[in-house]
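Me: I'm new to reading protein models and would like a close look at one part of this one. Could you walk me through the helix pair that takes part in the contact between the two chains, and then show me what surrounds it?

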Amino acid sequence: MSEAAARRLLRLTLTDFRNYPALLWRPETAISVIVGPNGSGKTNLLEAASLLVPGRGLRGARVADLLRQGASGAGDWAVAGRFAGPDGEFDIGTGTLPEGSPDAQANRRVFRLNGAPPRSQAEIASLLAAIWLTPQMERLFQEAASGRRRFLDRLVFALEPGHAREVASYEAAMANRNRLLAEARGDPAWLAGLEDGMARHGVAASAARAGLVARLNAALAEGVAAPFPAAYMTLICPIAEQLRAAPALEVEEWLRDGLAGGRAQDRQAGAARLGAHRADMGLADAASGIPAQLASTGQQKALLIGVVLGHAALIATARGAPPMLLLDEPAVHLDADHRAALCAALRRLGGPTLVTGTDAEAYAGLRDEAGFWACAASGLEPLAA
Amino acid sequence: MGGPEIDRLIGLLAKLPGLGPRSARRAALKMLQQPDTRMLPLASALAEAARAVKPCASCGNLDSRDPCFICADLHRDRTTICVVESVGDLWALERASVHRGLYHILGGTLSALAGISPDDLNIPPLLARAGDGTVREVILALGATVDGATTMHWLADRLRPLGVNVTRIAQGMPMGGALDVLDDGTLAAALRARRPS
Ligand SMILES: [Zn+2]
């Protein structure tokens, strides 16, 4: 397993990103608390940091939407972060390239590692893991399974960078199969080739999800997130169920057969009824057994923070360093005791951490260790203690 | 800038892979400043190559001879065909000198989303060659992308009934990576570690 090398964020620069024409920010501490009213650009700052790892960032935004409204020049945005690692500093940059650049692709962002193209996105992911929590996730258990699946996949990806490729390959094979079925171009060998890809990548992705759920549950049962309630996560997925009883190659065979046998129904439905894209994630309070969707907003928030803290501890153990934590308004819906506990947990983890809030008082427990910054459209100013 | 001729030249250059408008302007300027030593030799080389180079009717390789220099080389192992996506992949394998047999250029990979079907690929000559009684092994050396893997699966399905051994090179290619971007050592290892398909 690769070692997550980022120990501290030293510098963050934004160019024509969201509301920022140009921003140069040098956090002075591992933990930074960014305080400002709603709409001041705090979340945009976290989103920028979240884009320093592969993926669509904490808002899941399209690349074109990240460009500042009214940006002049070539119409390109950029985000760059400088990190301190065990072997010195390194720079991760991302953004769009001007049209006509050698490796520019429309609506694609590219990465730079120390100014040069990385060998692969996995190289970036091996240096920096990031995990985030946003107010939108408070609706995670009221909304569609796709959101929970994305949340789970983000947790897996932070631990195993190769997971993103398995999921993307699975989805590409499925999209091609859906198209072939819709066009009724009945080439069984072609469909079988795509179903083989769905089976191989789908089983690999499901096994990685199941592995993460088991490790996370074990860590949470040990109390790594206490005093946040220990959550118990379940993976609701027939492939994962098969994997409990049979070796992966047999499950691939089972999935291939299931897909091949379901072609007629899948053509009618316009989608595959079996596969890794149907997985869902459940969360419950391990002590009371109450599932998250039946818990109060405050209890759900506490459960999710427990998951994020437990996951960060897991990464710290498995990859040698905690992930970058991006917590947007984590104190909302938390009582005073849990706010203090959150501050203590962040101090213990000690990785690069950005926390936002509308008032600094909620993070009094970080007063001695964190840098406090006031966020305004013009940039970040140190906040007087 | 300097009239429609220069604009057209820059416009054509900028469409070449690896060149954008800025490098196209630099290349055009360099040539225009030295027309006799750089521009006219290039122009005649372009015209000559366009006239003479054709796809090999047997394997699809680009050469001024047909059959191409590889298909015509009697010292090569004629019992093995390595199937690649593009001539660029053939060049990469030849640079690394890791394959002693013949090649077959497929001209793409199956993609329902991009509308590329078996009819769009150089498949019938491959099936004819594989079934001619001389060929004993067909190595599938397409990239480790979803489209590459699907195409290898499809080809194996068609080739196996012809009585040839169908193998594929080892997995582990970089993300979306075509063979062309791999270094020679990786190519050699991938080809050595091929497995039954
Ligand atoms: Zn030839």
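Reply: Here is a walk through that helix pair, followed by its surroundings and a few odd spots in the backbone. Keep in mind that this is a predicted model.

Let's start with the pair itself. Helix H4 of chain A covers residues 163-183, and helix H5 of chain A covers residues 188-221. Their axes come within 8 Å and cross at roughly 150°. An angle over 145 degrees counts as roughly antiparallel, so H4(A) and H5(A) are roughly antiparallel to each other. The crossing is also left-handed. If you want to find the contact on screen, look on H4(A) for residues including A:His163, A:Tyr170, A:Ala173, A:Met174 and A:Leu180. On the H5(A) side, the contact residues include A:Trp190, A:Leu194, A:Gly197, A:Met198, A:His201 and A:Ala208.

Now for the link to the other chain. In chain A, 24 residues are in contact with 18 residues of chain B. Which elements of chain A give two or more residues to that side? They are helix H2 (121-127), H4 and H5 of chain A. H4(A) gives the most, with eight residues. So H4(A) has contacts with H5(A) and also gives residues to the side that touches chain B.

Next, look at helix H3 of chain A, which runs over residues 145-159. Its 15 residues should span 21 Å at 1.5 Å a residue, and its end C-alpha atoms are 22 Å apart, which agrees. Among the buried residues of H3(A) are A:Leu152, A:Leu155, A:Val156, A:Phe157 and A:Leu159, but also A:Arg148, A:Arg149 and A:Asp153. What do the buried residues of H3(A) pack against? Our two helices H4 and H5 are on the list, together with strand S7 (130-133), strand S9 (280-285) and H9 of chain A.

That brings in H9(A), residues 297-319. It has 23 residues and reaches 32 Å from its first C-alpha to its last, close to the 33 Å expected at 1.5 Å a residue. H9(A) is mostly covered, with 17 of its 23 residues buried. Right after this helix comes A:Gly320, whose phi is positive, near 90°.

Step back for a moment to see the whole of chain A. There are 10 helices and 13 strands in this chain. Its radius of gyration is 22 Å, close to the 21 Å that the globule rule gives for 385 residues, so chain A is as compact as a globular protein of that length. The C-alpha trace spans about 70 × 60 × 40 Å along its principal axes. Buried residues make up 46% of the chain. Take the contacts between residues at least 6 apart in sequence: 72% of them join residues at least 24 apart.

The partner, chain B, has seven helices and seven strands. Along the sequence these follow the pattern α-α-α-β-β-β-α-β-α-β-α-β-α-β. The C-alpha trace of chain B spans about 60 × 35 × 35 Å along its principal axes. Of its 197 residues, 31% are buried.

Finally, some backbone details. Most residues other than glycine have a negative phi, and most peptide bonds are trans. With that in mind, go to the loop between H5 and strand S8 (231-236) of chain A, where you'll find A:Pro227. A cis peptide bond joins A:Ala226 and A:Pro227, with omega about 5°. Chain B has a cis peptide bond too, between B:Asp66 and B:Pro67, with omega about 0°. B:Pro67 lies in the loop between strand S2 (62-63) and strand S3 (77-84) of chain B.

Phi has its own odd spots. A:Arg18, in the loop between strand S1 (8-17) and strand S2 (20-25) of chain A, has a positive phi of about 50° although it is not a glycine. A residue counts as buried with 20 or more other C-beta atoms within 10 Å, and A:Arg18 has 21, so it is buried. In chain B, phi of B:Ser97 is near 45°, a positive value in a residue other than glycine. B:Ser97 sits in the loop between helix H4 (87-95) and strand S4 (101-105) of chain B. Is B:Ser97 buried or exposed? The cut-off for exposed is 12 or fewer, and B:Ser97 has 10 other C-beta atoms within 10 Å, so it is exposed.

Conventions:
Residues numbered from 1 in each chain as written. Chains lettered and ligands numbered in written order. Predicted model: local features only at pLDDT ≥ 70, side-chain atom pairs only at ≥ 80, totals over all residues. Helix = DSSP H or I, 4+ residues; strand = E, 2+ residues; numbered from the N terminus. Expected span 1.5 Å × (residues − 1). Rg over C-alpha atoms; globule rule 2.2 N^0.38 Å. Contact = placed C-beta atoms within 7 Å. Axes fitted to C-alpha atoms, helices over the stretch in contact; angles between N-to-C directions. Parallel < 35°, antiparallel > 145°, perpendicular 65-115°, else oblique. Left-handed = near helix turned anticlockwise from the far one by under 90°.
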